[in-house]
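Colleague: Could you take me through one part of this model up close, and then show me what it connects to? I'd like the cut-offs along the way, please.

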Amino acid sequence: MGMGAEKQKKKHSRSCLSRCFGALSTLLLISLVLFCLPLTVPRLFGYQVYSVISGSMEPKIPVGSLVYIHEEAPEELREGEVIAFYGARDSAAIITHRVVENRVVMGELITKGDANRTNDMNPIPYANVIGKVVYQVPGAGKAAELFTSAEGKVLAACLIAAAVLLQMLSAWLGRR
């Protein structure tokens, strides 16, 4: 094998490696975008997205589900619908339970978790209602929690940095 053939072989090897790094970079970025779409796009259409952390609605809505909530006038909510609401006036805790009774005159709802034996102890004032659960994805809440946590944000930044570095390496190898 001559010197020219060996040089040609090295160039082909670098070109192949360059394409692989470029493809891996693209794959990382597309995966990250696809993962983030279900968490961000629904917000543009007025939905709020929450992760279920308790088993009070099992088996209908398992722990770790992602629920999509759409704002609805509390007086329009009907018995049997699943809603999300703040547990207390000044609390950030969000609870997802089923409407047992809508007391329109009093401006409150009686709710109950499917897995609970009795109705919730306190009526839910209309002011605490976030909206109605319109869609849920079992298991997706755990993944969402990962990327919305501080560690998850660092992981996402590292994935983006890795994709950028792979793209730079791909370009460098392609020029050689």
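Modeller: Let's start in strand β2, where Val67 is the bridge partner of Tyr50. Strands here are DSSP runs (E, at least two residues; helices are H or I, at least four), numbered from the N terminus. Before going on, a word on the basis: this is a predicted model, in which local features need pLDDT of at least 70 and side-chain atom pairs count only at pLDDT 80 or more, while totals for chains, interfaces and linings use all residues. Numbering runs from 1 along each chain as its sequence is written, and side-chain values use heavy atoms, with hydrogens and water left out.

The Tyr50 link belongs to a longer ladder: β1 and β2 (residues 66–70) pair in the antiparallel sense over five bridges, pairing being counted when DSSP finds at least two bridges between two strands. Val49 also takes part, with Tyr68 as its bridge partner in β2. On its other pairing, β2 is joined to β7 by five bridges, again antiparallel, and there Val67 stands opposite Gln136. Four of the five residues of β2 are buried, so the strand is largely enclosed by the rest of the structure; buried means under 20% relative accessible area, exposed over 50%, and partly exposed in between, with a 1.4 Å probe and protein chains only.

Step back and you can see where β2 sits: the open sheet has seven strands in the order β1-β2-β7-β3-β4-β5-β6, with antiparallel pairing. β1 and β6 are the edge strands, each with a single partner, so one side of each has no neighbour in the sheet. Gln48 lies in β1 and is partly exposed because its relative accessible area is 31%. Apart from residues up to four places away in sequence, Gln48 touches Val67, Tyr68, Ile69 and Ile130, where contact means heavy atoms within 4.5 Å. Gln48 and Glu71 are 23 residues apart in sequence, yet their C-alpha atoms are 8.3 Å apart in space.

Now for the packing around β2. Val67 and Ile69 are in the largest nonpolar core, whose 10 residues also include Tyr50, Val52, Met57, Ile61, Val82, Ala84, Ile130 and Val133. Such a core is a set of buried Ala, Val, Leu, Ile, Met, Phe, Trp, Tyr and Cys residues joined through side-chain atoms within 4.5 Å. At least two core residues come from each of β2, β3 (82–86) and β7 (129–137). A second, separate core has eight residues, among them Leu77, Phe85, Leu109 and Val129. In soluble globular proteins, nonpolar side chains tend to be buried together.

Val133 is a handy bridge to the next region: beyond its neighbours within four places in sequence, Val133 is in contact with Val67, Tyr68, Ile69, Val82, Ile83 and Thr96. Thr96 is found in β4 and counts as buried because its relative accessibility is 12%. With the same sequence neighbours set aside, Thr96 is in contact with Ser56, Met57, Ile61, Val82, Ile83, Ala84 and Val133.

Thr96 also helps to line the largest pocket, together with Tyr50, Ser51, Val52, Ile53, Ser54, Ser56, Met57, Ile94, Ile95 and His97. A pocket is an open set of points on a 1 Å grid over the protein atoms alone, where a 1.4 Å probe fits and protein lies on both sides within 12 Å along at least five of seven lines; lining residues have an atom within 4 Å of a point. β1 (47–51) and β4 are the elements giving two or more residues to this lining, and β4 has the largest share with four.

Following β4 (residues 94–103) along the sheet brings you to β5, its antiparallel partner over five bridges. One of these pairs Arg98 with Lys112. Four residues lie between the strands of this hairpin, and Gly107 there takes a positive phi near 70°. All five residues of β5 (residues 108–112) are buried: Glu108, Ile110 and Lys112 point one way, Leu109 and Thr111 the other. Finally, two bridges join β5 to β6 (residues 124–125), running antiparallel, with Leu109 opposite Ile124.
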